[in-house]
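Reader: I would like to learn how to read a fold one feature at a time. Could you walk me through an example?

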Amino acid sequence: MEHRQWVELYAMCPKPIQWLASILLKVVPTMRTGRGMLKELYRLHPQVGVEIGISTGVNALTMLKMFSLSRLFLVDPYQFYKGIDKRGAWKHARQCAAKSLEPYNVTFIFKQASEAVDEIPNNLDFVYIDGNHNYEFVKQDIANYYPKVREGGLLGGHDYIPLHPGVIKAVNEFGLPVHCGTEGDWWFVKEG
Ligand SMILES: C[S@@+](CC[C@H](N)C(=O)[O-])C[C@H]1O[C@@H](n2cnc3c(N)ncnc32)[C@H](O)[C@@H]1O
């Protein structure tokens, strides 16, 4: 069964079953096989990319270790945003990211993704969207960053799962074939 069908099945389940499934996804090691888009990207030998939403830098560090990137742009305003960070944990997250990513050629842009577009070059190998998961933001991030990706490159992100209906809606509405992989990853291949 494809990921998309799992998502539809999950959406039809009662809430307690959904919560149980989310917990299982977090604790069963064999279900944590790595993010699907990264596995796909690996085959493209990416050089330059962007991650929207850095947090503590865990995924950025994974990408930097996995790929031989000449440059990685990292966009995150590290500000409170409704429903996601109620405790100001973003301050700690920013320090963690700065420390763990220090050895690498990364460019931090401490802005909302929508305000950082002009600082990002064209012809990117990939953009990974994992910032604000609300519908309007994901929709805007896709629209703003898709033109930045080179032909054959990937634009995708995290959390194409029923717990984030805004992600699913915005991704589906963009109208390109959606590829799905492990850990809720989704991506489009840039068309020529
Ligand atoms: C789920 S976390 C990112 C996790 C990270 N990608 C990882 O997997 O290691 C979401 C991050 O998005 C950031 N964020 C929220 N709104 C944003 C926006 N409009 N543009 C860019 N980043 C945003 C938050 O500050 C937070 O650090």
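Author: Happily; we will go through strand pairing, a helix, a buried residue, unusual backbone angles and the ligand shell. Please keep in mind that this is a predicted model.

Reader: Let us begin with the strands. In which sense do β4 and β5 pair, and over how many bridges?

Author: Strands pair when at least two bridges link them. Here β4 and β5 run in the parallel sense, joined over 5 bridges. To find the register, look for residues that face each other: Phe126 stands opposite Leu154 in β5. The connection is worth tracing too, since the chain goes from β4 through α7 to β5 in a right-handed β-α-β crossover.

Reader: Which strand pairs with β5 in the antiparallel sense?

Author: That is β7, residues 186-189, which is joined to β5 over 4 bridges. Two pairs let you follow the register: Leu154 has Val189 as its bridge partner in β7, and Gly157 has Trp186. Leu154 is therefore a handy landmark, because a bridge is a pairing between strands and this residue faces Phe126 of β4 as well as Val189 of β7.

Reader: And what pairs with β7 besides β5?

Author: Strand β6, residues 179-180, pairs with β7 over 2 bridges, again in the antiparallel sense. Cys180 is the residue opposite Trp186 in that pairing.

Reader: Now the helix of the crossover. Which residues of α7 are buried?

Author: A residue counts as buried when 20 or more other C-beta atoms lie within 10 Å of its own. In α7, residues 135-145, the buried ones are Phe137, Val138, Asp141, Ile142 and Tyr145. Viewed down the axis of α7, they fall within an arc of 130°, so they line one face of the helix. Their packing partners are β1, α6, β4, β5 and α8.

Reader: Can we follow one residue on the β4 side of that packing? Why does Ile129 count as buried?

Author: Ile129 lies in β4, residues 124-129. It counts as buried because 29 C-beta neighbours sit inside 10 Å. Leaving aside residues up to four places away in sequence, Ile129 touches Ile52, Val138, Asp141, Ile142, Gly156 and Gly157. Three of these names, Val138, Asp141 and Ile142, also appear among the buried residues of α7. Ile129 also shows how distant parts of the chain come together: Val50 is 79 residues away in sequence, with a C-alpha to C-alpha separation of 8.3 Å.

Reader: Where should I look for unusual backbone angles?

Author: A useful habit is to look for positive phi values outside glycine. Tyr78, in the loop between β2 and α5, has a positive phi of about 45°. Tyr78 counts as partly exposed because 19 C-beta neighbours lie inside 10 Å. Glu183 is another case, with phi near 60°. This residue sits in the hairpin of β6 and β7, which has 5 residues between the strands. Glu183 is partly exposed, with 19 other C-beta atoms within 10 Å.

Reader: Last, the ligand. Which residues come nearest to it?

Author: Of the 20 residues around the ligand, Gly53, Asn59, Asp130, Gly131 and Asn132 come nearest. The elements that give two or more residues to this shell are β1, α4 and α5. By chemical class, the shell divides into 11 nonpolar, 6 polar and 3 charged residues.

Notes: Residues are numbered from 1 along each chain as its sequence is written. This is a predicted model: local features need pLDDT of at least 70, side-chain atom pairs count only at pLDDT 80 or more; totals for chains, interfaces and linings use all residues. A residue is buried if 20 or more other C-beta atoms lie within 10 Å of its own, exposed if 12 or fewer, and partly exposed in between; C-beta atoms are placed from the backbone. Two residues are in contact if their C-beta atoms, placed from the backbone, lie within 7 Å. A residue is near a molecule or strand if its C-beta atom, placed from the backbone, lies within 6 Å of it. Ala, Val, Leu, Ile, Met, Phe, Trp, Tyr, Cys and Pro count as nonpolar, Asp, Glu, Lys and Arg as charged, and the others, Gly among them, as polar. The arc is that of the directions from the helix axis to the C-beta atoms. A crossover is right-handed if, with the strands pointing away from the viewer, the path from the first strand over the helix to the second runs clockwise.
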